[in-house]
Amino acid sequence: MDEISAARASLDAESGEWVRVLTCGGAEQEAAVGRLHGLLLRIARNEVRRRGVQLRVTGPELDDLAYQAAADALLAITAKIGGFRGESRFTTWAYKFVVLEVSAKVGRHFWRNPCVRLEGEDWERLPDRFGFDPARESEWRDMLAALRRAVEEELTERQRRIFVALVLIGIPLDALVIELGSNRNAIYKTMFEARRKLRAALVANGYLDNDLSGHS
């Protein structure tokens, strides 16, 4: 018994049944493919609706993205099911495929008709975005000026580029992944390091307390 076969021998009943019906051939396999497509489409619709807010996409166009993602995920899953090792439930394994397809399609969709430039900066949008109190304008304007200096002086070029894209421009994360040829985890890590540096600069200049309270 090879390694994959040994792993499959310990599959939970539901995962084992999915693998069986998706590889058995004939009408039973066709029916299973249809059920799987329905499952993937529900997942894709939920994902594109959640992410579509940033894209300002609604209606048939949003649903079309979901159908494309579900169809491509189905092709990938059926092509790779021979390598399914059962390290997670089959539905969990399948979920990852469709979420990955949604991310790619949402990112590519944004750049077809982008309404912003990646290099643009709009510091005047931050007060509204963060909900700053208009009555304390002089206070937060001083802090924003200090933040802008820290962005220019403390961050690396890549950190600054990602900060500007996500925070100042509001480019969706999935779109930025496509534009930079990166992945979500790498951008998360870069953004974490950028925020750490910026917070340290604001703390050092007295704009934030050295704890987790106040503006992030």
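This is a short guided tour of the structure above, stop by stop, with selections to make along the way.

**Start with the whole chain**

Keep in mind that you are looking at a predicted model. Colour by secondary structure and you should find 10 helices and zero strands. Read from the N terminus, the order of elements is α-α-α-α-α-α-α-α-α-α. Of the 216 residues in the protein, 39% are buried. Now consider contacts between residues at least 6 apart in sequence: 67% of them join residues at least 24 apart.

**Stop one: the largest nonpolar core**

Select Leu22, Leu36, Leu40, Ala44, Ile77, Phe90 and Val98. These have the most contacts inside the largest nonpolar core, a set of 32 residues. Next, show the helices that give two or more residues to this core: H2 (13-23), H3 (26-55), H4 (59-80) and H5 (90-112). Which helix gives the largest share of this core? That is H4, with nine residues. As background, nonpolar side chains in soluble globular proteins tend to be buried together.

Centre the view on Leu36 and display what surrounds it. Setting aside residues up to four places away in sequence, Leu36 touches Trp18, Leu22, Leu74, Ile77, Phe90 and Ala94. Before moving on, pick out Leu144, Ala150, Ala175 and Leu208: they are among the 30 residues of a second, separate core.

**Stop two: the aromatic rings**

Show the aromatic side chains as sticks. How many aromatic pairs does a search of the whole structure find? It finds five. One of them is Trp18 with Phe90, a stacked pair with 5.5 Å from centre to centre and 20° between the planes. This pair links distant parts of the chain, since Trp18 sits in helix H2 and Phe90 in helix H5, 72 residues apart. Both Trp18 and Phe90 are buried.

Now select Trp93 and Phe97. Their ring centres are 4.9 Å apart and their planes stand at 75°, so this pair is edge-to-face. Trp93 and Phe97 are four residues apart in helix H5, and therefore separated by about one helical turn. Trp93 and Phe97 are buried as well. To see how these rings belong together, add Phe84 to the selection: Trp18, Phe84, Phe90, Trp93 and Phe97 form one aromatic cluster.

**Stop three: Ser103**

Stay on helix H5 and move along to Ser103. Is Ser103 buried or exposed? Ser103 counts as buried because its relative accessibility is 10%, under the 20% cut-off. Show Arg51, Asp174 and Arg184 too; Ser103 is in contact with these three, leaving aside its neighbours within four places in sequence. One of these partners, Asp174, takes you to helix H9, where it is among the buried residues.

**Stop four: H8 against H9**

Select residues 157-169 for H8 and 173-180 for H9; the two helices pack at an angle of about 145°, with their axes 10 Å apart. The crossing of H8 past H9 is right-handed. To see the contact itself, show Arg158, Arg161, Ile162, Ala165 and Leu166 on the H8 side, and Leu173, Leu176, Glu179 and Leu180 on the H9 side. By class, this contact holds six nonpolar and three charged residues, and no polar ones.

Why is H9 described as largely enclosed by the rest of the structure? Six of its eight residues are buried. To highlight them, select Leu173, Asp174, Ala175, Leu176, Val177 and Leu180. Step past the end of the helix to Gly181, which follows H9 and has a positive phi, near 60°.

**Last stop: two buried residues in H8**

Go back to helix H8 and select Gln159. Gln159 is buried, with a relative accessible area of 9%. Not counting residues up to four places away in sequence, Gln159 touches Thr190, Glu193, Ala194 and Lys197.

Finish with Ile169, also in helix H8. Ile169 is buried, at 7% relative accessible area. For a final distance check, draw a line between the C-alpha atoms of Ile169 and Trp123: they are 8.9 Å apart in space, while the two residues are 46 apart in sequence.

Methods. Residues numbered from 1 in each chain as written. Predicted model: local features only at pLDDT ≥ 70, side-chain atom pairs only at ≥ 80, totals over all residues. Heavy atoms only, no water. Axes fitted to C-alpha atoms, helices over the stretch in contact; angles between N-to-C directions. Left-handed = near helix turned anticlockwise from the far one by under 90°. Contact = heavy atoms within 4.5 Å. Nonpolar A, V, L, I, M, F, W, Y, C, P; charged D, E, K, R; others polar. Buried < 20%, exposed > 50% of the residue type's maximum accessible area, 1.4 Å probe, protein only. Core = buried A, V, L, I, M, F, W, Y, C linked by side-chain atoms within 4.5 Å. Phe/Tyr/Trp six-rings, centres within 6.5 Å; stacked < 30°, edge-to-face > 60°.
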